[in-house]
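Reader: Please show me the structure, and then take me through one pocket and some helix packing.

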Amino acid sequence: MNVAVIGSGGREHAIVKMLSESKNVDEIYAIPGNAGMNDLCEVMYRVQEDDFHAIAGICIERQVDWVIIGPPEPLEKGLADYLIDEYGLTVFGPRKKEAQMETSKVFTKELLRKYNIPTANFEIFRTYSEAEIYLMETNFPKVIKQDGLGSVTGVGVEVVNSLDEAMEALKNLAIVTQDDSIEPLIIEEYMDGEEFSLMVLVNGDTYHAFETIAQDHKSAYAKGIGPNTNGMGAYAPVTHITEDIREEAINQLIEPTINAMVEEDLDYFGVLYLGAMHTSEGVKVVEYNSRFGDPEAQVLMGLLENDFLEMLNKLKNKEPFEMKWKDGFLAGIVLATKNYPMKVDQGLPLYIPEELMDEIFISGVSQTEEGDYISSDGRVLMVTGFAKTIDEAVKKAYDNMDQLSYNPENFYYRKDIAHRALGTPV
């Protein structure tokens, strides 16, 4: 079978790696792909994720059997709808309506509230003045979230601990549409607990939750300091979050959500990513995403031993399957440009040893005409380490990071990845 993978990040790099090991895959086309995929597939650098016509043309010309959409932006714009409705292609990734589980936080929070699925208490605001008044009268900490996917450089979420911080965040996050009106903002209670990620493969009323969970690190800097990011590192499995908690997340959050989606006439086909918080009151939904998490996908797929396309075929046919996992731990550390997540610094040079490429997932790296690597996005790459214990895996990941060469004034990474698993004080 021929497969097209849409996207250019570390998540898509991980998908391409898994597909390249599948006995069911003949050709892989990455659109637009990245510099880490060149030896694994045909990379279509010139075609962008939002060029639906060009993507369809490649899929038809190359007789593509499966299209796997990695990032949320083309899902939000309706790429799955276009490829399915206009060309009858098989697409792994939800349609625009179903992708609202990620692309509209208001949509998801209202669904959770309607079906009594545990999540943080929240209020929705559509005018600046109402949000201001609420913040002046509320207690802190609070979390303020934009409705959509967030800006290019930020994630559209801020945790605020005081009225001053809240007013500054409101100014940053509120998108004024007319006079006092703003695009919807959610202000919700701050949940205290431990966050973890659970991936679920979904086809309508059928689902398979990953048996292994991952934990990522959202803050830019160690000890939870700095702005929220899309992830500065991850590791799996998370053994201190027990199987009982995973099953609680499935029974109390995942299954009721899938039942609610069916009840609301949502025909979901793709990955449903649960960001969950284990609190003193039980597990609660932090967020849902309509695609694999990044950087969680890289560590999970690095541990998964299944034939990826075979799993997708079984999911499409609603046939049961088992997931097989490597015996060990995988830790990953994200290297970011100096001003991430507030600004993207492009063109910063770095050297990646060729022998290290099997341990790396590229997120934001391009190559010059001379073949040198330079940054092309805020999150540049993730370096991984696999070992029998989490301690050894983390050490190996940091040892691998030390093999990269770059100006330390141009890049940074967190030095406390997997601190919870290691029992390191924050």
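**A pocket and two helix pairs**

Author: Domain 1 (2-95) and domain 3 (192-425), with bounds from an automatic or database domain assignment, both give residues to the lining of the second largest pocket, so this pocket lies between them. This is a predicted model, where local features need pLDDT of at least 70, side-chain atom pairs count only at pLDDT 80 or more, and totals for chains, interfaces and linings use all residues. Residues are numbered from 1 along each chain as its sequence is written, and side-chain values use heavy atoms, without hydrogens and water.

Reader: Which element gives the largest share of the lining of the second largest pocket?

Author: Helices (H or I, at least four residues) and strands (E, at least two) are DSSP runs, numbered from the N terminus. Two or more lining residues come from each of α1 (10-20), α10 (296-303) and β24 (379-387). The largest share, five residues, is from α1.

Reader: How are α7 and α8 oriented to each other?

Author: Axes are lines fitted to C-alpha atoms, for helices over the stretch in contact, and angles run from 0 to 180 degrees between N-to-C directions. Helix α7 (residues 128-137) packs on helix α8 (residues 163-173) at about 165°, with the axes 10 Å apart. Angles under 35 degrees count as roughly parallel, over 145 as roughly antiparallel, 65 to 115 as roughly perpendicular and the rest as oblique. The two helices α7 and α8 are therefore roughly antiparallel.

Reader: What is the orientation of α2 and α4 to each other?

Author: Helix α2 (residues 52-61) and helix α4 (residues 79-87) have axes 11 Å apart and an angle of about 50°. Therefore α2 and α4 are oblique.
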